[in-house]
Amino acid sequence: MIITIGGLPGTGTTTIAKMVAEKYGLRYVCAGFIFREMAKEMGMDLQEFSRYAEQHKEIDEEVDRRQVEMAKQGNIVLEGRLAAWMLLKNGVKPDLTIWFKAPLEVRAERISKRENIDKEEALKKMVERECSEKKRYKEIYNIDLDDLSIYDLIIDSSKWDVEGVFNIVSSAIDNLKR
């Protein structure tokens, strides 16, 4: 089974992807963690590394290459904004593609709590990062992150608590045609 879970920062992708991996005995791989680890290796914070990646497309290409290779092995929950796009572009058909969305203010509040920073600072960093990512993804892959047409399921994660979102996702997985 191959499941992709994507969404903008603060939508709950990491939380739900980990829960899905645990419930269904799947490996969990997060593109964001790969990106963060690469930033750490370069001694940069996320904003610095995002700006750096704008000038060095090999950064995104390496993150995406790693995701595709892992997905080809199967039995995986792949979390990342481009996860579904990368698999489809490389001839790997996921069993289920999911996108989470939530209003900007809700996402900023969640990030501020998670990272223990002021909500305004969280909002500023989030918007800057999203602009950088959208620019890079368009330039490198000609992917528009606002195009949700490839997703099987789109969930506004602000409408339910974590358990509610997890129940929706679990129901979708349990009811897949196989």
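**Exercise 1. Find which residues UniProt lists for "binding site", and say which of them line the largest pocket of this predicted model.**

Solution. Begin with the record: an unreviewed UniProt entry lists Gly7, Leu8, Pro9, Gly10, Thr11, Gly12, Thr13, Thr14 and Thr15 for "binding site". Next, compare this set with the pocket in the model, which is a predicted one: the lining of the largest pocket takes in Gly7, Pro9, Gly10, Thr11, Gly12, Thr13, Thr14 and Thr15 from the set.

**Exercise 2. Describe the largest pocket by its volume, its lining residues and the elements that supply them.**

Solution. The space in the largest pocket comes to about 740 Å³. Its lining is made up of 38 residues, and the closest to the pocket centre are Gly10, Thr13, Thr14, Glu79 and Arg114. Turning to the elements, two or more lining residues come from each of E1, H1, H2, H4, H6, H7 and helix H8 (162-174). The largest share, five residues, is given by H2.

**Exercise 3. Decide whether Pro9 and Gly10 are buried or exposed, and list what each of them touches.**

Solution. First place the two residues: Pro9 sits in the loop between strand E1 (2-7) and helix H1 (13-24), and Gly10 is also found in the loop between E1 and H1. Then apply the cut-off, by which a residue under 20% relative accessible area is buried. Pro9 has a relative accessibility of 6% and therefore counts as buried, while Gly10, with a relative accessible area of 9%, is buried too. Finally, leave aside neighbours within four places in sequence: Pro9 is then in contact with Arg81, Arg107, Ile111, Met126, Arg129 and Glu130, and Gly10, not counting residues up to four places away in sequence, touches Arg107, Arg110, Ile111 and Arg114.

**Exercise 4. Test whether the length of helix H7 agrees with its number of residues, then describe its buried residues and its two ends.**

Solution. Helix H7 covers residues 119-141, and its 23 residues, at 1.5 Å a residue, should span 33 Å; because its end C-alpha atoms are 32 Å apart, the two values agree. The buried residues of H7 are Ala122, Leu123, Met126, Arg129, Glu130, Ser132, Glu133, Arg136, Tyr137 and Tyr141. What covers them includes helix H2 (31-41), helix H3 (46-55), helix H4 (58-72), helix H5 (83-89) and helix H6 (104-115). At the start of H7, a side-chain oxygen of Asp118 comes to within 2.9 Å of the backbone nitrogen of Glu120, whereas just after H7 a positive phi of about 60° is taken by Asn142.

How values were computed:
Residues are numbered from 1 along each chain as its sequence is written. This is a predicted model: local features need pLDDT of at least 70, side-chain atom pairs count only at pLDDT 80 or more; totals for chains, interfaces and linings use all residues. Side-chain values use heavy atoms; hydrogens and water are left out. UniProt positions are given in the numbering used here, feature names are shortened, and annotations may be inferred rather than shown by experiment. On a 1 Å grid over the protein atoms alone, a cavity is a set of points where a 1.4 Å probe fits but cannot get out, and a pocket is an open set with protein on both sides within 12 Å along at least five of seven lines; lining residues have an atom within 4 Å of a point. Helices (H or I, at least four residues) and strands (E, at least two) are DSSP runs, numbered from the N terminus. Buried means under 20% relative accessible area, exposed over 50%, partly exposed in between (1.4 Å probe, protein chains only). Contact means heavy atoms within 4.5 Å. The expected span of a helix is 1.5 Å times one less than its number of residues. A polar contact is a pair of N or O atoms within 3.5 Å; within protein, one must be able to donate a hydrogen and the other to accept it, and residues adjacent in sequence count only if both atoms are side-chain atoms. Grid points are joined across faces, edges and corners, and a volume is the space filled by probe spheres set on the points.
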